[in-house]
Amino acid sequence: MVVAALTQAAERLESGRAPLAAPALERPGFGLPGLGTLERLSTLPALRETEAAANAAAAEIGRRAGGDG
């Protein structure tokens, strides 16, 4: 349920429907109202090691699929 809510909020943000992102997070499991959860998520620090690992994984998947990463 949490992953689905986060995915839905992200899709709304990425498609330019930001006002609809917070309502997507109005679900049990978040502990804050939707807008509070969205604000907390927007202030998280950068996760540089996680970003590097994700980029490396994506490059490897692309390489194995015959792309150039």
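## A tour of a four-helix chain

Along the sequence, the protein chain runs α-α-α-α. That makes four helices and zero strands, where helices (H or I, at least four residues) and strands (E, at least two) are DSSP runs numbered from the N terminus. Please keep in mind that this is a predicted model, in which local features need pLDDT of at least 70, side-chain atom pairs count only at pLDDT 80 or more, and totals for chains, interfaces and linings use all residues. Residues are numbered from 1 along each chain as its sequence is written, and side-chain values use heavy atoms, with hydrogens and water left out.

**The whole chain**

Let's begin with the overall form. The radius of gyration of the protein chain is 15 Å, whereas a compact globule of 69 residues would have one near 11 Å; this radius is taken over C-alpha atoms, and the globule rule is 2.2 Å times the number of residues to the power 0.38. Along the principal axes, the C-alpha atoms fill a box of roughly 45 × 25 × 20 Å.

How many of the 69 residues, in percent, count as buried? The share is 17%, with buried meaning under 20% relative accessible area, exposed over 50%, and partly exposed in between (1.4 Å probe, protein chains only). Of the contacts with a separation of 6 or more, 18% are between residues 24 or more positions apart; a contact means heavy atoms within 4.5 Å.

**Two residues to find**

Now look for Ala22 and Leu41 in the structure.

| Residue | Helix | Relative accessibility |
|---|---|---|
| Ala22 | H2 (residues 21–24) | 11%, buried |
| Leu41 | H3 (residues 34–42) | 38%, partly exposed |

Which residues does Ala22 touch, leaving aside its neighbours within four places in sequence? They are Gly34, Leu35 and Leu38. With the same kind of neighbours left out, Leu41 is in contact with Leu6 and Leu25. The C-alpha atoms of Leu41 and Ala22 are separated by 11 Å, with their positions 19 residues apart along the chain. Ala22 and Arg64 are 42 residues apart along the chain, and their C-alpha atoms are separated by 37 Å.

**The last helix**

Helix H4 (residues 48–64) has 17 residues. From its first C-alpha to its last, H4 reaches 24 Å, close to the 24 Å expected at 1.5 Å a residue; the expected span is 1.5 Å times one less than the number of residues. After H4 comes Gly66, whose phi is positive, near 90°.
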